[in-house]
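Please open the model in your viewer and keep the sequence panel beside it. The tour below goes from one selection to the next and says what to look for at each stop.

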Amino acid sequence: MPEATPVRTAGTRPRILHLITDPRRRGAQNLARDLHRELCRRGQASALRALAPHPDAHPDAPDTRATAVLGPGRLHPRTLGALRTAARTADLVVAHGSSTLPACALALAGTRTPFVYVSIGDPRHWTAGPVRRLRTGALLHRAAAVTALADEAGELLVERFRLPAARVRTIPNARAADRYPPAADEADRRAARHALGLPSDGLLVAWLGAIAPEKRLDLALDALGRLPDVRLAVAGDGPQRSALERHPAATRAHFLGTLADPAPLYRAADAVLLSSDSEGVPGVLIEAALAGLPAVATDVGWVGSVVRDGVTGALVAPGDPPALAEALAKVLAGDRAGLGAAARAHALAHCELDVVADAWQRLFGEVCGRVGGSAGPAGPAGPAGPVLRVDPDGVATRSVATDGVARNGAETDGVARNGAETDGVATDSTAKGGPDGGRG
């Protein structure tokens with residue numbers, strides 16, 4: 001028997017619970033945090049939870065302190081029990097990538113609380129084997145809706161997992177533009193470099209991400225070796241860091257570790273480089289574009305929805321260091337200001353959080369209306385109308401975990417905290433193996 005829950009009052013906005021895998025700053029987590037903040041700003045009830053802690057999440061980072069952790073492991077019984085409890089006071093759970101899919105499918109079984117799954121990667125990459133494809137497909141069919149970051153990704157989800165087309169939505173990746181301002185002038189760029197301990201002069205390229213096999217920092221360093229006048233600033237950490245710090249070109253690379261806020265690095269750099277073998281629509285490229293940086297990127301996943309070859313930067317085939325070096329040299333020697341301005345204009349038009357949040361609110365209303373809703377009043381009614389399909393081309397919050405929440409790492413009823421919060425609601429604020437095969 002499904003659990004009985006109160007009926008949501010007609011004409012009210014649904015209460016949203018965002019679920020992320022862990023408190024780190026990664027692509028899926030960043031989108032969840034930005035969307036959560038925007039919903040709070042709009043007066044919609046929204047809360048944020050992480051399934052489990054992670055050793056790479058810096059305990060003093062604001063995002064870590066502001067993120068409540070449900071339990072000791074992503075699919076630990078206490079974690080799933082705490083998720084089920086938290087979901088009782090939400091109308092809808094939004095599962096942001098990776099292990100949040102099996103967690104919601106298991107924890108919410110038999111409840112009246114629906115969940116929406118945010119697919120962040122390329123399904124051809126993260127379900128290459130038939131067993132994983134079947135397992136992931138069964139989990140995806142449990143979701144009330146599945147969102148993709150690009151139309152092509154949505155079409156793949158329908159084809160690969162036989163999902164009903166009406167249940168799949170395209171909602172682009174997005175960031176808040178005011179968090180990534182461009183460098184005001186050369187003095188601002190120099191100041192940003194000084195704050196990061198980077199050389200004040202010379203060409204500087206930014207590389208951001210997990211230092212893991214699929215991100216191919218080795219490829220970026222190989223390209224750097226062919227560009228003797230260029231330096232590389234590497235923001236991130238991961239299992240390959242120690243080995244790649246010994247790369248011959250690493251003498252001109254600056255390993256900064258994980259940055260709590262990447263915005264100063266964008267202001268410091270002349271361009272951004274992405275060298276991955278697999279991606280969806282990387283948030284790093286959106287952030288850099290909003291900051292007015294041209295990009296050189298491997299043409300994988302749906303990177304081309306952000307990087308316009310010859311217009312906002314350059315695209316190259318994956319796994320080709322000479323081609324990557326040639327494209328990077330061309331961008332650095334060309335009209336960087338013009339490319340960066342075009343990148344910012346494109347990102348503002350297609351990937352700005354304010355536009356994308358409208359699409360999310362419409363989807364929330366549609367899903368809760370279809371399922372019948374599950375909770376009490378949560379604020380004024382949102383905009384009516386069908387779900388907005390946004391093509392990349394083209395609060396007060398309520399507590400969801402006031403019972404049995406311990407602070408400073410203690411646990412009560414399986415809910416742990418990484419830092420102090422008010423009523424367990426973040427109001428301001430990727431290990432491989434999840435269904436999206438990514439790091440979020």
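Begin by selecting Val118 together with strand 6, where the bridge partner of Val118 is Thr147. Bear in mind throughout that this is a predicted model. Val118 belongs to strand 5, which covers residues 115-118, and strand 5 pairs with strand 6 in the parallel sense over three bridges.

Keep strand 6, residues 145-148, on display and show its side chains: Ala145 and Thr147 point one way, Val146 and Ala148 point the other way, and all of them are buried. Such an arrangement follows a general rule, since in a regular strand the side chains alternate between the two faces of the sheet.

Now add strand 7, residues 168-170, which pairs with strand 6 in the parallel sense, again over three bridges. Within this pair, Ala148 stands opposite Thr170. If you also select helix 7, residues 151-161, you will have the whole of a right-handed β-α-β unit, made by strand 6, helix 7 and strand 7.

From here, move to helix 6, residues 130-140, and helix 4, residues 100-107, whose axes are 9 Å apart and which pack at an angle of about 55°. That angle makes helix 4 oblique to helix 6, and the crossing of helix 4 past helix 6 is left-handed. To see where the two helices touch, show Leu101, Pro102 and Ala105 on helix 4, which meet Thr136, Leu139 and Leu140 on helix 6.

While helix 6 is still selected, pick out Arg133, which lies in this helix. Is Arg133 buried, partly exposed or exposed? Its relative accessibility is 32%, so Arg133 counts as partly exposed. Leaving aside neighbours within four places in sequence, Arg133 is in contact with Thr127, Ala128, Arg160 and Phe161. Of these contacts, Phe161 is worth a distance label, as Arg133 and Phe161 are 28 residues apart in sequence but 7.5 Å apart in space, C-alpha to C-alpha.

For a contrasting stop, go to Asp34 in helix 1, residues 27-41. With a relative accessibility of 4%, Asp34 counts as buried, because the cut-off for that class is under 20%. Not counting residues up to four places away in sequence, Asp34 touches Ala174, Arg175, Ala176, Arg179 and Leu353.

Next, turn to the open sheet of six strands, whose order is 10-9-8-11-12-13 and whose pairing is parallel. Its edge strands are strand 10 (253-257) and strand 13 (313-316), each of which pairs on one side only. Looking across this sheet, you will find neighbouring strands turned by 20° against each other on average, with direction ignored.

Within this sheet, select strand 8, residues 203-208, and strand 9, residues 230-235, which pair in the parallel sense over six bridges. Here Leu204 stands opposite Arg231 of strand 9, and Val205 stands opposite Leu232 of strand 9. On display with helix 9, residues 217-224, these two strands form a right-handed β-α-β unit.

Stay with strand 9 and colour it by accessibility: five of its six residues are buried, so this strand is largely enclosed by the rest of the structure. Strand 9 also pairs with strand 10, in the parallel sense and over four bridges, and in strand 10 the bridge partner of Val234 is Phe255.

As a last selection, take helix 13, residues 321-333, which lies across strand 8, strand 9, strand 11 (271-274), strand 12 (295-298) and strand 13, running at about 170° to strand 13. Bring helix 9 back into view as well, for the axes of helix 9 and helix 13 come within 8 Å and cross at roughly 60°. The two helices are therefore oblique to each other, and helix 9 passes helix 13 in a right-handed crossing. Finally, show the side chains where they touch: Leu219, Ala220, Asp222 and Ala223 in helix 9 meet Pro321, Leu324 and Ala325 in helix 13.

Definitions and conventions:
Residues numbered from 1 in each chain as written. Predicted model: local features only at pLDDT ≥ 70, side-chain atom pairs only at ≥ 80, totals over all residues. Heavy atoms only, no water. Pairing = 2+ DSSP bridges. Axes fitted to C-alpha atoms, helices over the stretch in contact; angles between N-to-C directions. Contact = heavy atoms within 4.5 Å. Buried < 20%, exposed > 50% of the residue type's maximum accessible area, 1.4 Å probe, protein only. Right-handed = clockwise from strand over helix to strand, strands pointing away. Parallel < 35°, antiparallel > 145°, perpendicular 65-115°, else oblique. Left-handed = near helix turned anticlockwise from the far one by under 90°.
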